[in-house]
Structures are given as C-alpha cells and as structure tokens.
Amino acid sequence: MEHKLATAEKKVLVDLVKLVQKRGLEGENGGWKEFLNVYDKKFGSSLSDPSRRSNDVLVAFLLTFKKKEDLLLIARVMQCGANRELIEKFKQESPDKETPEQRLVRLTITHNAYPTSYSFPSYAEDWFVTELGKKKSKVMKSTRMLAIDCEMVTCEDGSEAVVRVGAVDRDLKVVLDKYVKPDKQVINYKTDITGVTAEDLERATLSVTDIQKKLRRFLSKGTILVGHGLHNDLQVLRIDHARAVLGQELRMPNAAHNCVHDAAASMKLVLAVLEKGVDTTIQKSEEMLVAEKKRQEERQEAGKTQLFLHKIPLDVPSEDLQGVLKGDFTLEVKPPKKEGGYPTAVVDFNSPEEANEAFENVEGDVTKDKSGLPQKMVTLKLSSGLVASLYVRKMVKDDSLSEISTTKRARTEENNVSSKRQKTEDDSEEPKEANVNQKEADKTKLFLHKIPHDVPSQELHGVLNGDFTLEVKPPKRKGGYYNAVVGFNSPEEANKAFENVVGDVAKDKAGLPQKMVALKLSSGSGASLYVRKMVQDDSPGEISTTERAPTEENNVSSKRQKTEDESEETKEANVNQREADKTKLFLHKIPLNVSSQELEGVITGKFTLEVMRPKRKGGYYNAFVVFNSPEEANKAFDKVKGEAAKEKGGLAQKMVAFKLSSGSGASLYVRKMVRDESEEAEEANANHCEDHLKEIEELKEKLKAKDFANSCEGHSKEIEELNQKLKAKEHLIQAQDKIIDNLKMKLEKKQSKSR
C-alpha cells in the first residue's frame, strides 16, 4: 500500500483525503486537521486544503490508517484512479495501430454519454472495482469479450433489484445464468417484461456480492464488457469496469425478456460490427425503425398517465412521498444517478385525467423546467417533524401547446417584410412605452430573495401583511436559493407592506431598498431572507429637472451630509448586528452526510437552528444557532466539550466529534459570532499601551538627538522637560498594566465558575 500511495497521481491522493474528511474517518493521529497540527508545526491546520499540500504530506496522512475497512476503502479509490488514468492514456494513443476491438472501446469512452452514464458511486463498500492489470499494453490489446444482461424487479421502497443475471463469452457460450435473491420485499415482478416469477425467486440463494465474485474471474486483464443499456446492469450489480462497449435497445416491443438471449444478441451485434468493419453502428432495419417509432408513441401516451417527482432530498423516506399527491397511484422511487445526487420517483395513475387532476391539486405556482415541461415546487412535513421541498413535474407537455396549427405559424414573405419594416419604425417608441408600463407594474410588487431551500413556500405568507399573490421562482442552480415575486393590488399596498416589515432598510447593489427578515418556521427552526422593492422610491425620481440642478455648493453640501448620515447609519447598524450576534453560535464545516436533525444533539439549551446550503457542490454546509439571550449562547458554548481555540478572525471556537445514528463518526466546529467583551477590552488596552510605547520610543529618540546635538546649558531645561514627560508616560503604562492584570483575574474567575 505504501508503494502504491507513493507512486499515485496527486489528484487521486487529494480525492482520497477529501473522501476521508467527508466521511469523518480518523487515523492513528486523528482526522486530517489534527494530523496537520502534529505533522506540520509551522502551518498546522491553517493550510488544510489537500490540493495545496505536497504528495509527501498526503501520503503520510493516509499511511496513518490501519483499520481493515479503511484500507479497503483506500484500495478501492486507488484502483478507480488507476483505471481512470489508464483510460485517459488510451484516449491519447494514436488510433492507427488499434484493433477493431480497441476501436469499439475508443468509440465508447469518447462518447458524450460515457462520463455521465458510467459515473458510479464506486467508493461505497458494496461496490466491486475491477483491476485492469498492471501491464497497459496487454490490457489495451486484449480481445477478450463478455456480454452481460440483467432482469430487474420493483421493490416496496420503489427501488429496483436485480433478480437474474446472464453472461455469454465471445463464442456465445453461456458462462453464467443465475437467479439472485433480492434483499428487499418485491411488489412487482414485471413478469411480462422480465420473464421472472415469484416461484423462480423462491429457490434463489445468491446475493449481488456472490454474483460479483462469480464475474470477477471473467473481468480481469482487460476484458471488454458488452451490453445494451450496460450502465444500468453495472449499476444494479454494483460493478465499476472501465472497458465497456455501448449498445442500444435490441428487444422488440411487448416481448418478454431473457437475459441470456439478450446478452447473446448484444454479442452478435458487436461481432457483426467487427466482421463488417462498420465505423459506428449497424444501420437500423425498417422493422427496427417502425418499432422505435411505436415505442416513442407508447412512451408519449404512458407519460400522460404519469407525474415525475425530482430533486427529492436524501433524508425524505419514500413512504412520506405518498402525501405529496392525491388520488389512486403507484410510486416507483429511483435512486440517485451519482453520489450526492437527488433520488427521483415516477408516479403512475390510471388515466391522463387522473394525472392532470392530481397535478392541479398540488398547491403552488406552475413554472417550466428546461425542457418546457410544467412543474410545481412542493413543501411537505415529514414524519420526523422536519420540512422538505421537491418538484412535481408532468412527463409530457400540455396538449394545448402542441395543437397550434402549422398554418397559424406560417407567414408569407410579404407579411414578414412588412412586419419587419413596421417593427423597425416602432422599435424606438415601443421600448420606452414598455419600460414605463413595466415600471408601473413593478411598483405593485415586492421581491423575496435568498430564500433557503428548506423554507416551505406556504410559510412565506407570514413574512408580509396584506392581500397579495405569491409567485415562487425555483433556484437557478442546484442547491441555490429560491426567490418569489409578491403581487399587490396597488403601489400603495406594496409600499405599506414593505414599511410594515420589521428591520432596517438597506440598499442592494442596484440601489433598491430592502430589509433582511428573520422568521421562525413551523418546524421550530429559524430562517432568514430579504424583502426588496422592485423599483426605487418615486420621491427622488420625480423631482423636476430644474429642482435636480442644484448649485455646486449644494452638491458638495448634500454629498457631505450624505456621507455623515451614512457613517452614522453604518455605526448604528454595526452595533445592532453585534447585539444580535451575541445571541448566536455558528456551526461550520458540517459534513454533508450529517442530517440537520442530528445537529440538535451538538448544542444544549433552547434554541432555533437555521441551516445554510453549501456554497459549492460537494462542500460543507453551515448552520446558525439562535438563543434567547447572549447569556444562553455563552452557556451553551461553555458546555461544548473541547478546548477553545481562536480562528483567523480571533473568534473562539471548538471542534466537536460525535457519533451519528448510523454508527459512523463526524466532526464539525462550533464558533462564537463575537469576541468576549473582556477580550476586546484587554486588546484595546494592549493597543493603547502599544501606542504609548511608540510615543516613548519617539521621545527617547528625540532625547538622544538633543543630548548629542546640544551640550550647552541653554538646553538643559528642555531635556528636563522631556525626562519628566518620559516618567509620566512610564507611570501611565504601569497604571495600564494594573488594569490589564485585574481584567485577567476577572476573566479567570469567570472561566473557573463556568467549569
């Protein structure tokens, strides 16, 4: 293992350290940051980004892991890295000397679907990562091929389980045909598709791990895997194999599957391609084209009876999804396609009318996804008491949109020319009128932004007073904030609602007035968002041109007054913010696998928890803990086990390690939001003393200069005065030292009482 780590690419080592951090694993010297504090006395954990550390440091940390399960994880990641490196080298090689088999592999790994379809959660314990072999030349020249196919059933939680596996070699010899015992209750055998019955599985004894072991001997030394929809088979078998040939659907519609026959069909197709020397794929027959068109039509019809749930948080149980929709339906949950992704679910109704009715009954505003399909964002209360949000989407576009006739869309060339000419003439006037109309409409609106993803849309109604409509806008990117536009009946009602929002008015980047609002959710946790006007206030905008032209003197005066006012407002805002921060603690660097409810056990006392999404994909998330008073916040911090240290900004924090309900370990940091007053006073006195010391040094320098330059009695008086000033300053410093000593004694007494 030491040699493999020492010769590994830095990217692999960095990925390993990040994965270890994410899982909260610890070696003999603790976690990554604890290791750095011991290993690197100069920088310690202040330089904790693994990508900025040398290979030697990364290897030294990874060698501190001795547990068997940790070593197996490291070996899996190393193997994935080696396979990935080999594939990248293969892409860069010249195709002039490659065999037909190598060409098919090249077409696969350079296909635009390969990176996404074949990106597996290979680091998981139950995954098998094949070893391609140490000699690259033998691996790349291998012509050994194996075709596999699986049959899947639907389990009670909506997931799919493999129940039969078939494999044939290049000579079309069946090397594997086994039934697999699913580890979950089966609710749909899909016998008309899979050909598998409940009786078939009664005698099944093999697990997925057993199938992995049986396939292992066929997948060594560069074996090329063949199949159609092969990534789906590898996903359920939990096998990561880097050399594969993409296939396409070979089955005829409404025909029952047989995994051995399907695997043989895939192999025959590949052999035909090799024999005929076709560059990409065999041309589809008329029968295949007709069948494909029929399947598309069937999918379109089936989609009318379905709804799609997506962006489902990982901590939402599948049984809680039943409460999202009304009606008679079946729910099929799909696991995330990649590690850290969202699960999805397909909801089947008896008819298109029932599906449409269920969608209409979902509370929320209709928006469009990237494909133009209608969807709504839904918030639901889980059985755990927490609140989550997800999206309900139709599977097909509404018929009304697709039934617009071609004749209405067709314009004659004459009409086109005429309309373009007219448009050019009107363009100068229309934007002005449109801008005026838009501004008038915006006066009746307010904008809610930076709304945390876990805040249900119905709770937003409690932010504002009055009669209004709420239009929710989904996040622009995964994990981002969502927004909402609030429409009132008149500008006066919008202004009144904004004025009634408690909080200080600030300006956004565009100069629009806004307020930050903190609200308590029905779940008990806290959240914050911003309420912003859509236009600037009329009063400054409606001043006439003559009134807007003050003299230069008035300009200077107004600017000076504005600067003075802003400085006072800033001071007041800073004071208010500091007072609010005294009642808070900050939890940061929280691993993604730690659910928000598990954070409740980190801090003691009565508080609300405001969770913040990660700033970037795969990063840590943070949380604010809000108490009723600064005393409660300080008491809770003191009760956190661990030694308090200072972060870069001088704020006190503690690292907390705790055990999750899953049995694994995790760690995070608990930090104060402000420094203790005694510390600030001590620092202020220290700064004050430092200023006096500088003055004394300056006086000493002046005194030396005077002594050196003047030897006559006429300057003795000035020297005496300087000596007196020096003594006075020394007395002042002694007094300041006594004050500092008293403050230190008070602080020690306070800390001893809290213990």
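This passage describes strand pairing, salt bridges, a charged surface patch and some backbone angles in a predicted model.

A convenient place to begin is the open sheet, in which 6 strands are arranged in the order 10-11-9-14-13-12 with antiparallel pairing. Its edges are formed by strand 10 (329-334) and strand 12 (367-368), each of which pairs on one side only. Strands of a sheet pair through backbone hydrogen bonds, in either a parallel or an antiparallel sense. At one end of the order given above, strand 10 and strand 11 (residues 344-349) are joined antiparallel over 6 bridges. Within this pairing, valine 333 is placed opposite alanine 345 of strand 11.

The loop that connects strand 9 (306-310) to strand 10 contains lysine 311. The backbone of lysine 311 merits a look, as this residue, which is not a glycine, has a positive phi near 55 degrees. With a relative accessible area of 26%, lysine 311 is partly exposed.

Another part of the same sheet is connected to a nearby loop by a salt bridge. Arginine 393 forms this salt bridge with aspartate 369, and the closest N and O atoms are 3.3 Å apart. Because arginine 393 belongs to strand 14 (residues 387-394) and aspartate 369 to the loop between strand 12 and strand 13 (374-381), the pair ties together parts that are 24 residues apart in sequence. Arginine 393 counts as buried, at 17% relative accessibility, and aspartate 369 likewise counts as buried, at 17%.

Salt bridges occur elsewhere in the model too, and the count comes to 15. One of them joins glutamate 101 to arginine 170, with 2.9 Å between the closest N and O atoms. This pair links distant parts of the chain, 69 residues apart: glutamate 101 sits in helix 6 (residues 100-109) and arginine 170 in the loop between strand 3 and strand 4. The two partners can be told apart by their accessibility, as glutamate 101 is buried, with a relative accessible area of 9%, whereas arginine 170 counts as partly exposed at 29%.

A pair within a helix is provided by glutamate 301 and lysine 304, which form a salt bridge with the closest N and O atoms 3.3 Å apart. Both residues belong to helix 14 (residues 286-304), where they are 3 residues apart, about one turn of the helix. Glutamate 301 counts as partly exposed at 46% relative accessibility, and lysine 304 is partly exposed with a relative accessible area of 22%. Salt bridges also link Glu160, Lys190, Glu332 and Lys334 in a network.

Turning to the surface, a patch of positive charge is formed by Arg144, Lys173, Lys178, Lys214, Arg217 and Lys221. Lysine 214, one of the residues in this patch, is found in helix 11 (residues 208-216). Its relative accessible area is 36%, so lysine 214 is partly exposed. Patch members must have over 30% relative accessible area, and the 36% of lysine 214 is in keeping with that cut-off.

A second positive phi in a residue that is not a glycine is found at leucine 172, with a value of about 65 degrees. Leucine 172 lies in the loop between strand 3 (160-169) and strand 4 (174-179). Like lysine 214, leucine 172 is partly exposed, with a relative accessible area of 36%.

The final group of elements centres on strand 20 (residues 526-533). Of the 8 residues in strand 20, 6 are buried, so this strand is largely enclosed by the rest of the structure. Strand 15 (residues 445-451) runs antiparallel to strand 20 and is joined to it by 4 bridges. Here phenylalanine 447 is set opposite arginine 532 of strand 20. Strand 19 (residues 513-520) is also antiparallel to strand 20, and 7 bridges join the two. In this pairing valine 517 has leucine 529 of strand 20 as its bridge partner. Strand 19 and strand 20 form a hairpin with 5 residues between the strands, and in it glycine 524 takes a positive phi near 100 degrees.

How values were computed: Residues are numbered from 1 along each chain as its sequence is written. This is a predicted model: local features need pLDDT of at least 70, side-chain atom pairs count only at pLDDT 80 or more; totals for chains, interfaces and linings use all residues. Side-chain values use heavy atoms; hydrogens and water are left out. Two strands pair if DSSP finds at least two bridges between them. Patches are made of residues with over 30% relative accessible area and no salt bridge: like charges are joined within 9 Å, nonpolar side chains (Val, Leu, Ile, Met, Phe, Trp, Tyr) within 5 Å. Accessible areas come from the Shrake-Rupley method with a 1.4 Å probe; for residues, only the protein chains shown count as cover. A salt bridge is a side-chain nitrogen of Lys or Arg within 4 Å of a carboxyl oxygen of Asp or Glu. Lys and Arg count as positive and Asp and Glu as negative; His and the chain ends are not counted. The place of a charge is taken as NZ of Lys, CZ of Arg, CG of Asp or CD of Glu. Buried means under 20% relative accessible area, exposed over 50%, partly exposed in between (1.4 Å probe, protein chains only).
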